Amino acid sequence: MDISHGESASTASCDPDDLPDGLVVADAEGRVVIFNAAAAKITGQDAAKALGSRFEEALALEDLKGRSWWSITDPYGGLAVRTGQPERNLLLPGNHEVLVAAKYVRRRPAGPLHRLVVTLRSTEARRRDERSHAELIATVAHELRSPLTSVKGFTATLLAKWERFTDDQKRLMLETVHADANRVTRLIAELLDISRIDSGRLEVRRQKIDIAAAIRRHVEAQITAGEDPVRFAVQVSEGLPELWADPDKIDQVLGNLLENAVRHGAGTVTIEVTRTVRRDEEGTTVTVSDEGPGIPEESMSRVFTRFWRGSKRGGTGLGLYIVKGIVEAHGGTIAVTRADGGGARFRFTLPVGAPAYLA
C-alpha cells in the first residue's frame, strides 16, 4: 500500500484491515488517518475512536524505562533528516509489550513530515520466530551430527589402518563417506532454500521443460534404487500446454513428493499430469497419490509448515515447506487431500509462465 501521497484508507491499493500487522498512520498535523483492525486488536482500542485523534493519544507508548517514546523521538519536531525508527520493544498502557517501528514520510528530503507510519507487532509473533529459529538450529545440529561423525570415524580409521583393509573394505567405507557427504550437502541446500523463501529471494530461472519426461526420470531413479516398477503408474494427458519453469526446482518438487509417497505411503504410487484452465489462464497440474494410511485430518493444515513429519522415519521435516515455497515462487498453488484409495494426494498447479527474459 502506497501512503506517501496522501490517499485515504478507502483509496489505498489494498485494505489496511487485510494486513497481518498493526498499522497506524498520522497526517501532516499528527492526526490519525488510518488505524487498522490489527492495531485495534493489539492495543485494545476502538479503531473508530482512534481515527482523528492525536497520534500520541492513540498510541500512548513508553520505552522500557517508562519514558514517553514520542517525547524521546519527536517525529514532527526532531531532526528533519531522520527517516524513521527501527523496530524495538515498547510498552502500551498496562505494561503490554509490543514491537514498534516507525517510518517518516517527507515530500522532499529534509522537508517537514508529511506522514507518520507506525507498524505494530505482538511480541508473541517474535517469540514464535525465535522458537522456530531455535528449532531449526537444533534440527540442523542433529541432522549434521550423524553424517559428520560417520565421515570423521571412517576417514580416521582409514588413515590410521589403511594397510589392514582389503580393497573391497576400503571401497565400502569410502562409499559410506561419499553418501554422508551428499547428505550434508543436501541439508545445506535445504537451509539455503529456506533462507531464500523466507526472505522472498528465491530466484526462478524459467526454461521450457518437459514435465512428463522429468517425472519419468524420477520414477526410473526410484526403480534403480530398488523399488518395484509395478508400483508406479504415470498418466499423462494429451495436449499439455508449453510449460516454462525452473527445471532444477521442479525436480526438487517432484523428487520430494515422489520420495514421500514411496517412503511413507503404500501400494501403487500414481502420478497424473493434466492441463488446467482457470480464469482464462492455462496451467499444468501434477498429482501424486499413494494407497497408504494417508495423513490424519487434523494434520492436513500443518503439512506444509516447517518441521512437520508424517512419520517417525527420519528427515528434517523441511521438504514440504520448501516444495510449497518453490511452487508459489512460480506463481502456482499446492494442496494435500485424501486420495480415493485412502492415501495422501498432493496436487500442484503451475501456470504456463514465460521465458526468463519475459518473466
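Okay, one term before we start: when I say a residue is buried, I mean that under 20% of its relative accessible area is left open. And keep in mind that what you're looking at is a predicted model.

So, let's go to helix α9, residues 319-329. Of its 11 residues, 8 are buried, so by that cut-off the helix is mostly covered. Which ones are they? Gly319, Leu320, Tyr321, Ile322 and Val323 are buried, and then Gly325, Ile326 and Val327.

What do those residues pack against? Two helices, α6 (167-199) and α8 (247-264), plus two strands, β11 (333-338) and β12 (344-351). Then, just past the end of α9, you get Gly331 with a positive phi of about 85°.

Now follow one of those partners, α6. This helix has 33 residues, and from first C-alpha to last it reaches 48 Å, which is close to the 48 Å expected at 1.5 Å a residue. Its buried residues include hydrophobic names you'd probably guess, so let me just read them: Met173, Val177, Val184, Leu187, Ile194 and Ile197 are among them. But Lys170, Asp180 and Asp193 are on the buried list too. And α6 also has a glycine just after it: Gly200, with a positive phi of about 70°.

Last thing, how confident is the predictor? Mean pLDDT for the protein is 85, with 90% of residues at 70 or more. Where is it lowest? In helix α5, residues 123-161, the mean is 80, while strand β2, residues 32-35, is highest at 96. Then there's the start of the chain: over residues 1-12 pLDDT stays under 50, and the model gives that stretch 20 contacts beyond four places in sequence.

Technical notes: Residues numbered from 1 in each chain as written. Predicted model: local features only at pLDDT ≥ 70, side-chain atom pairs only at ≥ 80, totals over all residues. Heavy atoms only, no water. Buried < 20%, exposed > 50% of the residue type's maximum accessible area, 1.4 Å probe, protein only. Helix = DSSP H or I, 4+ residues; strand = E, 2+ residues; numbered from the N terminus. Contact = heavy atoms within 4.5 Å. Expected span 1.5 Å × (residues − 1). pLDDT = per-residue confidence, 0-100.
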